[in-house]
Structure formats: structure tokens, C-alpha cells
Amino acid sequence: MTQWAYLKGRFVPLAEANVNILTNSFQYGVSCFEGIRGNWNEEENQIYLFRAEEHYERMQDNCRVLMTDIPPVDELCDITKELIRRSGYKEDVYVRPLAYKSSEMIGTRLHDLDSDFCAVVFPYGRHLPSEKCRAGVSSWRRHSENCGVPAGKISGQYVNGALAKTEAVRNGFDEAILLNEAGYVAEACTENIFLIKDGGLLTPALSENILPGITRASVMEIARRELGVETIEKRIERHELYNADECFLTGTAAHINPCVEIDHRPVGDGEIGPLTRRLQALYQDVRTGKNKAYIGWCMPVF
Ligand code: PMP
């Protein structure tokens with residue numbers, strides 16, 4: 001089966017989707033990307049792209065920051081659907097679009113450089129290594145608005161998450177939780193974080209230097225509409241991680257992944273909690289297009 005990619009306005013086999021090492025974005029990380037899930041629905045023989053328009057709208061925002069030109073959202077969605085159809089996948093897939101500076105020249109800047117949009121799709125299952133994630137608070141801090149764009153999905157900024165992830169894994173954890181520069185809880189390396197305390201949902205506010213996750217927003221809406229549970233978006237202190245009843249991480253790749261231990265302390269009783277389980281089940285039905293009340297979030301590929 002040929003794996004397809006999109007590069008410089010053409011669909012090409014992945015083996016031919018290569019760029020020159022002088023490509024400006026390769027040198028400096030000045031690019032922005034998305035992660036979009038295509039969720040397989042067996043009964044309908046269908047792959048549903050989850051909130052693809054919202055992902056590409058976020059990418060458009062990041063491109064404006066980076067002065068990078070890409071096609072409009074509907075065209076990006078069409079390219080993505082065609083990419084999956086060509087590859088012929090009948091399973092859960094992950095789409096990785098990237099908008100980058102294609103000029104083959106060095107020079108740290110945003111202006112006077114050519115732009116390109118590329119994308120690749122591949123089968124993808126579980127993201128975090130365990131359904132019972134064990135996390136550690138990182139010695140690295142989540143970068144702030146003083147030195148970049150914390151709300152942006154900008155490639156170079158992921159050095160921050162990479163440093164934290166490797167520190168955490170080498171210290172025996174599955175994932176890192178980063179505090180922001182003020183010392184409050186921000187998020188995990190590539191997931192947002194939720195706590196459950198006394199039946200209520202808590203998550204760091206957008207002002208805490210987090211990436212505004214699309215899964216985060218979806219979970220908040222599902223919790224409100226389906227369970228009548230409102231989420232309090234606030235400043236969260238480190239000790240609140242240790243005193244939560246339940247904790248889970250959210251992201252396009254990770255879905256809703258329970259976190260059962262933080263800094264060697266069990267979260268609640270150290271098992272996956274009941275509200276986390278309910279939200280996982282609801283989200284699973286929503287993202288696969290089985291819950292028709294949310295079918296507007298699901299874009300059919302076929
Ligand atoms: N934080 C970071 C730093 C991320 O890279 C991601 C993944 N996009 C998330 C949070 C979760 O965002 P989303 O739910 O939109 O995938």
C-alpha cells in the first residue's frame with residue numbers, strides 16, 4: 001500500500017515528499033502544524049475527521065502570526081480527505097499538516113520567505129504508553145508569552161515539550177506536567193490537563209500559557225451537555241494535583257487519557273475514576289460519529 005503525502009501543491013508518494021536541508025523552517029523551526037484524528041467507524045465503513053475545520057482555523061491563526069500563506073480552510077479539508085482516500089486506510093488515522101517557510105536559504109525572520117503547506121497521514125492507535133498514566137511535574141517551565149506564543153502550535157516551541165518529556169520518561173514517568181513561569185499548573189507536553197474534585201471539573205484557564213486544545217473544548221462541552229457538569233477554568237496550584245479525586249489528560253492524539261499517579265502520589269485511590277470513565281465513553285462515541293447529536297463535529301472522508 002503506497003503511503004501518500006501532499007507537498008508543494010501535489011499529492012506524492014511519501015518516499016518522494018522530501019525537502020532540501022537549506023529549507024528555512026528546517027533550520028529554525030519557523031513552522032506551525034496540526035494533529036487531526038480520522039476516527040474509523042466500522043458499522044458505517046467510514047472515517048470521520050474530528051473537528052477538522054477548527055484545527056485548520058487554529059492553523060490559519062498560527063500562520064498569520066508566522067506570516068505564512070496557506071490555502072483556505074475548505075481547501076485544506078479537501079486535501080486532507082483526498083489524502084486519506086488515496087492511502088485507502090480503513091482504521092484510525094492521524095493527519096499531520098504543516099505550514100512552513102519553503103525558501104531554501106538561511107536567515108532568522110518571518111518576512112520575504114516563500115510559504116508551503118504539506119500533510120501526511122498514517123495509521124495511529126494509542127498515544128500515551130498506558131491507560132493509567134503516571135506523570136511527574138517537570139523541572140522545565142512551560143514557555144510564556146514573553147518569549148513566544150504559548151497558544152500557538154509552532155514547531156520550534158516544541159523543544160520545550162521535548163525537554164520535559166525526555167526528563168519525565170528518563171525519570172520513570174509516562175508524561176510530564178509543566179508549570180508555567182508563575183509556578184501554576186499549565187499542561188502536559190502535548191495534552192491539556194483536567195482535575196476532578198468533589199464532582200466538579202477543573203482545568204487551567206487559557207491565560208495560564210496553555211495551548212487552547214480542541215479536545216479540551218470538546219470535553220468541556222460534552223460534560224456540560226451530557227452530564228450537567230460545568231468546568232471551572234482557573235489558576236491551579238501544584239498541591240491541587242496531589243489532592244484531586246481524579247485526573248485526566250486530553251489531546252487529539254491521546255483522546256481522554258486517565259492519569260492515576262502524579263509525583264509518586266496516587267490520584268484519588270490510584271485507579272481510573274468514575275467520571276473519567278463516563279467522559280471517555282461519551283467522547284469515544286462522539287469522535288467516531290456514533291452520537292449523532294455531535295455529528296456536526298465529524299467530517300466524513302468517504
Ligand atoms: N497542548 C499541546 C502543547 C499540544 O501540542 C496539544 C496537541 N495539539 C494539546 C495541548 C492538545 O490540543 P488538541 O486537543 O487540540 O489536540
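This is a short dialogue on how to read the features of a predicted model.

Me: What should I know about the model before I start?
Reply: This is a predicted model, in which local features need pLDDT of at least 70, side-chain atom pairs count only at pLDDT 80 or more, and totals for chains, interfaces and linings use all residues. Residues are numbered from 1 along each chain as its sequence is written, and side-chain values use heavy atoms, with hydrogens and water left out.

Me: How many helices and strands does the protein chain have?
Reply: Helices (H or I, at least four residues) and strands (E, at least two) are DSSP runs, numbered from the N terminus. Here the protein chain has 7 helices and 17 strands.

Me: How do I read the radius of gyration of the protein chain?
Reply: It is taken over C-alpha atoms, and the globule rule is 2.2 Å times the number of residues to the power 0.38. For 302 residues, a compact globule would come out near 19 Å, and the protein chain agrees with that because its own value is 19 Å. Along the principal axes, its C-alpha atoms fill a box of roughly 50 × 50 × 30 Å.

Me: What share of the residues counts as buried?
Reply: Buried means under 20% relative accessible area, exposed means over 50%, and partly exposed is in between (1.4 Å probe, protein chains only). By that rule, 54% of the 302 residues of the protein chain are buried.

Me: Which residues come nearest to the ligand?
Reply: A residue is near a molecule or strand if one of its heavy atoms lies within 4 Å of it. There are 15 residues around the ligand, and Lys153, Tyr158, Ile214, Thr215 and Thr252 come nearest.

Me: Which side chains have polar atoms beside a nitrogen atom of the ligand?
Reply: A polar contact is a pair of N or O atoms within 3.5 Å; within protein, one must be able to donate a hydrogen and the other to accept it, and residues adjacent in sequence count only if both atoms are side-chain atoms. An N or O atom in the side chain of Lys153 is 2.9 Å from a ligand nitrogen, and for Glu187 the distance to a ligand nitrogen is 3.2 Å. Thr215 has a polar side-chain atom 2.6 Å from an oxygen atom of the ligand. Taken alone the ligand exposes 380 Å², and the protein buries 96% of that.

Me: How many salt bridges are there in the whole structure?
Reply: A salt bridge is a side-chain nitrogen of Lys or Arg within 4 Å of a carboxyl oxygen of Asp or Glu. A search finds 17 of them. One of these joins Lys292 and Glu44, at 2.8 Å from N to O. That pair links distant parts of the chain, 248 residues apart: Lys292 is in the loop between helix 7 (274–287) and strand 17 (298–300), and Glu44 is in the loop between strand 4 (36–41) and strand 5 (46–50). Lys292 counts as partly exposed because its relative accessibility is 44%.

Me: What about a pair within one helix, Lys81 and Asp78?
Reply: Their closest N and O atoms are 3.8 Å apart. Lys81 and Asp78 are 3 residues apart in helix 3 (residues 73–87), so about one helical turn separates them. Lys81 counts as buried because its relative accessibility is 17%, whereas Asp78, at 44%, is partly exposed.

Definitions and conventions: Accessible areas come from the Shrake-Rupley method with a 1.4 Å probe; for residues, only the protein chains shown count as cover.
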